Amino acid sequence: MFQLYDIHGPITSIPEPTAVTVGVFDGVHRGHRELLKGVSLVVTLTSHPSFVLGRRDSEYWLDDPDEHLHLLFEAGAKYVAVLPFSREVAQLSACQMARLLYDRLQMRSLLLGYDSRFGSKNNDDFDRLPQLASNLGFTLKRGEPFLLDGKPISSSRIRESLAQGAMEDTANLLGRPFTLTGTVLHGRGVGHTLGFPTANIDLSQTRKMLPAYGVYAVKIGDRIGMANLGPVPTFGVDKPLLEVHLLDFHGDLYGQTVTVEFIHRLRDIVRFDSSEALQHQLQEDIKQTRLWS
């Protein structure tokens, strides 16, 4: 049922008693990191319960799977147990899940988030957890909310910030800049013709939510650039693309996998009447981008 990992990779069993917490931990944001200070083993779910149970019609994340594991270990987890979340797992009651953690993962302490209430609501015995903890001999604790500007940090709050293209706020909530990773593909060559060659980044493999469409100041490594995220109406492209022009860069990135760090949203995407008008705007965008280097 559980896929087990330590910082070096997959393992077959948990060799010692553990302090456990359970959740999706989407984005492993600052609130999650505060909670994870008190545990040695994180049980993380492969799918959002609201999506599996039909309460959400799409499943966009704040991190990719490999990134998710890396962030959990970076936050201090000694072990990670990945639980494939399904309708069958969703039917487990809170006490059934806790007993499973006790038996399979050597749980001797269970830390719940300030608003966490796991287990099936159709078979709800959550209030019996303290008695089960006493019977089996594990401790039960609840964490405190991590507040920013008087409100708890949550994955939902970060999605709202992303949807507005508020990258500084998003970074503050996450505790790091928001990034997208993909392979650089050959594009249409239009940027090169205009004097602004771009790295066209394939986003087909990411599961992450995209920020609001627009033109952004970004970084790839230590190099500043500007990016167009979304359609390109001036040239009749309707599907969303991520095209990055790195300032003062003349190398070749084709075939490389790159991570784009979003810094600041410069403007909306607009349709220009001519290539000359677009070139003029791109020059202005470069001036604004340099302010963020």
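The legends below describe close-up views of a predicted model of one protein chain.

**Figure 1. The whole chain has 10 helices and 15 strands.**
The chain holds 293 residues, and 50% of them count as buried. Along its principal axes, the C-alpha trace spans about 75 × 35 × 35 Å. Contacts often link distant parts of the sequence: among contacts between residues at least 6 apart, 69% join residues at least 24 apart.

**Figure 2. Valine 20 lies in strand β3.**
Strand β3 covers residues 18–23. Valine 20 has a relative accessible area of 0%. Because buried means under 20% relative accessible area, valine 20 is classed as buried. Leaving aside neighbours within four places in sequence, its contacts are Val39, Leu41, Val43, Leu101, Met107, Ser109, Leu110 and Leu111. Isoleucine 153 is 133 residues away from valine 20 along the chain, and the C-alpha atoms of the two are separated by 21 Å.

**Figure 3. Aspartate 63 sits in the loop between α2 and α3.**
In the sequence, this loop falls between α2 (49–52) and α3 (65–74). Aspartate 63 has 0% relative accessibility and so counts as buried. The side chain of aspartate 63 makes a polar contact of 2.8 Å with the side chain of histidine 68. Not counting residues up to four places away in sequence, aspartate 63 touches Phe25, Asp26, Gly27, Val28, His68, Leu71, Arg207 and Lys208.

**Figure 4. Helix α3 has five named residues to look for: His68, Leu69, Leu71, Leu72 and Phe73.**
These are the buried residues of α3. Two of the residues, His68 and Leu71, also appear among those touched by aspartate 63. The elements that cover the buried residues of α3 include strands β1 (3–6), β4 (41–45) and β5 (79–83), together with helix α1 (30–36). Just after α3 comes glycine 76, which takes a positive phi of about 115°.

**Figure 5. Helices α5 and α6 cross at roughly 30°.**
Two packed helices are described by the angle between their axes and the distance between the axes. Here the axes of α5 (residues 94–105) and α6 (residues 129–136) come within 10 Å. Angles under 35 degrees count as roughly parallel, so α5 is roughly parallel to α6. The crossing of the two helices is right-handed. On the α5 side the contact is made by Ala94, Cys95, Ala98, Arg99 and Tyr102, and on the α6 side by Leu129, Leu132 and Leu136. Seven residues of this contact are nonpolar, none is polar and one is charged.

**Figure 6. Helices α7 and α8 cross at roughly 160°.**
Helix α7 covers residues 155–163 and helix α8 residues 167–174, and their axes come within 8 Å. Since angles over 145 degrees count as roughly antiparallel, α7 and α8 are roughly antiparallel to each other. This crossing is left-handed. Arg157, Ile158, Ser161 and Leu162 of α7 meet Met167, Asp169, Thr170, Leu173 and Leu174 of α8. By class, the residues of the contact are five nonpolar, two polar and two charged.

Definitions and conventions: Residues are numbered from 1 along each chain as its sequence is written. This is a predicted model: local features need pLDDT of at least 70, side-chain atom pairs count only at pLDDT 80 or more; totals for chains, interfaces and linings use all residues. Side-chain values use heavy atoms; hydrogens and water are left out. Helices (H or I, at least four residues) and strands (E, at least two) are DSSP runs, numbered from the N terminus. Buried means under 20% relative accessible area, exposed over 50%, partly exposed in between (1.4 Å probe, protein chains only). Contact means heavy atoms within 4.5 Å. Axes are lines fitted to C-alpha atoms, for helices over the stretch in contact, and angles run from 0 to 180 degrees between N-to-C directions. Angles under 35 degrees count as roughly parallel, over 145 as roughly antiparallel, 65 to 115 as roughly perpendicular and the rest as oblique. A crossing is left-handed if the near helix is turned anticlockwise from the far one by less than a right angle, and right-handed if clockwise. Ala, Val, Leu, Ile, Met, Phe, Trp, Tyr, Cys and Pro count as nonpolar, Asp, Glu, Lys and Arg as charged, and the others, Gly among them, as polar. A polar contact is a pair of N or O atoms within 3.5 Å; within protein, one must be able to donate a hydrogen and the other to accept it, and residues adjacent in sequence count only if both atoms are side-chain atoms.
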